[in-house]
Amino acid sequence: MQSAAPGPVPESWRDAMRLALAEAAAAVPAGDVPVGAVVLAPSGEVLSLGRNEREATGDPTAHAEVLALRRAAAATGEWRLTGCTLVVTLEPCVMCAGALVQSRVARVVYGADDEKAGAAGSLWDLVRDQRLNHRPEVVRGVLGEECAEQLTAFFRTR
Ligand SMILES: [Zn+2]
């Protein structure tokens, strides 16, 4: 359950997580749970953003990660996001973990653990399942407290 990344967390991941937090906040006016995601190119350039839009669009698959992956693929013209990093405020669910494996991203960086539905180490560890032939690296807890607080604040008002 520990981070697989050796050494300190690169500042670029914190910057990307701040972007993801801002994107997550934009989900709230539509009544969506604030979850935000960013896809970084191998160079570190921001390829795409996504936020939870289930309520906004009435789409059960409109999770932040899925939307960000689709947009990154559209931006690059390539479904394989080789070498890319997905940064997301909340540990991915089973669906999103599956999408991460399918997209061949190199790495998923997440903020808050999801003890109830997380599929990157908490409840399942789908992304690093040894039976899969592509296993993204997982880095957890980047700006974890800020990410958890954003969700807690949202649910407190519900
Ligand atoms: Zn999801």
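Cysteine 84 makes a handy way into this predicted model: at 4% relative accessibility, this residue counts as buried. Its sulfur has no partner to bond with, because the closest cysteine sulfur, in cysteine 96, is 17 Å away, too far for a bond. Cysteine 147 tells a similar story. With a relative accessible area of 1%, cysteine 147 is buried, and its sulfur sits 15 Å from the closest cysteine sulfur, which again belongs to cysteine 96 and is too far off for a bond. A disulfide is a covalent bond between the sulfur atoms of two cysteines. With the cut-off for such a pair set at 2.5 Å, the count for this structure comes to 0 disulfides.

Cysteine 96 has another role to play here, along with a second cysteine and a histidine. The zinc ion is coordinated by the ND1 atom of His63 and the SG atoms of Cys93 and Cys96, at 2.0 to 2.3 Å. Read along the sequence, these donor residues follow the spacing H-x29-C-x2-C. Histidine 63 comes from the loop between α2 (54-57) and α3 (64-76), while cysteine 93 comes from the loop between β3 (85-90) and α4 (94-103), so this pair ties together parts that are 30 residues apart in sequence. As for how much of them shows at the surface, histidine 63 is buried with a relative accessible area of 18%, and cysteine 93 is buried too, with a relative accessible area of 18%.

Now for the overall layout. The protein has 5 helices and 5 strands, and from the N terminus on they come in the order α-β-β-α-α-β-α-β-β-α. Its radius of gyration is 14 Å, close to the 15 Å that the globule rule gives for 158 residues, so the protein is as compact as a globular protein of that length. Taken along the principal axes, the C-alpha atoms fill a box of roughly 40 × 35 × 30 Å. Of the 158 residues, 49% count as buried.

Strand β4 is a good place to look at how the strands fit together. This strand covers residues 107-112, and 6 of the 6 are buried, so β4 is largely enclosed by the rest of the structure. One of its partners is β3: the two run parallel and are joined by 5 bridges. Within β4, alanine 112 stands opposite leucine 90. Together with α4, strands β3 and β4 make a right-handed β-α-β unit. Strand β4 also pairs with strand β5 (residues 137-140), again running parallel, this time through 4 bridges. Here tyrosine 110 has arginine 140, in β5, as its bridge partner.

The β4 and β5 strands are linked through side chains as well. Arginine 107 forms a salt bridge with glutamate 137, and their closest N and O atoms are 2.8 Å apart. Since arginine 107 lies in strand β4 and glutamate 137 in strand β5, the pair ties together parts that are 30 residues apart in sequence. At 21% relative accessibility, glutamate 137 counts as partly exposed. Arginine 140, already met as a bridge partner of tyrosine 110, also joins in: its side chain meets that of aspartate 113 in a salt bridge, at 2.4 Å from N to O. This pair links distant parts of the chain, with arginine 140 in strand β5 and aspartate 113 in the loop between β4 and β5, 27 residues apart. Arginine 140 is partly exposed, with a relative accessible area of 30%, and aspartate 113 counts as partly exposed at 28% relative accessibility. Elsewhere, salt bridges that share partners join Glu11, Arg14, Asp15 and Arg18 into one network.

In total, the structure holds 11 salt bridges. Among them is the one between the side chains of arginine 51 and glutamate 23, at 3.0 Å from N to O. Arginine 51 lies in strand β2 (residues 46-51) and glutamate 23 in helix α1 (residues 11-25), so the pair ties together parts that are 28 residues apart in sequence. Arginine 51 is partly exposed, with a relative accessible area of 26%, whereas glutamate 23 is buried, with a relative accessible area of 13%.

Methods:
Residues are numbered from 1 along each chain as its sequence is written. This is a predicted model: local features need pLDDT of at least 70, side-chain atom pairs count only at pLDDT 80 or more; totals for chains, interfaces and linings use all residues. Side-chain values use heavy atoms; hydrogens and water are left out. Buried means under 20% relative accessible area, exposed over 50%, partly exposed in between (1.4 Å probe, protein chains only). Donors are N, O and S atoms within 2.8 Å of the metal (3.2 Å for Na, K and Ca); water is not among the atoms, so sites may look incomplete. Two strands pair if DSSP finds at least two bridges between them. A crossover is right-handed if, with the strands pointing away from the viewer, the path from the first strand over the helix to the second runs clockwise. A salt bridge is a side-chain nitrogen of Lys or Arg within 4 Å of a carboxyl oxygen of Asp or Glu. The radius of gyration is taken over C-alpha atoms; the globule rule is 2.2 Å times the number of residues to the power 0.38.
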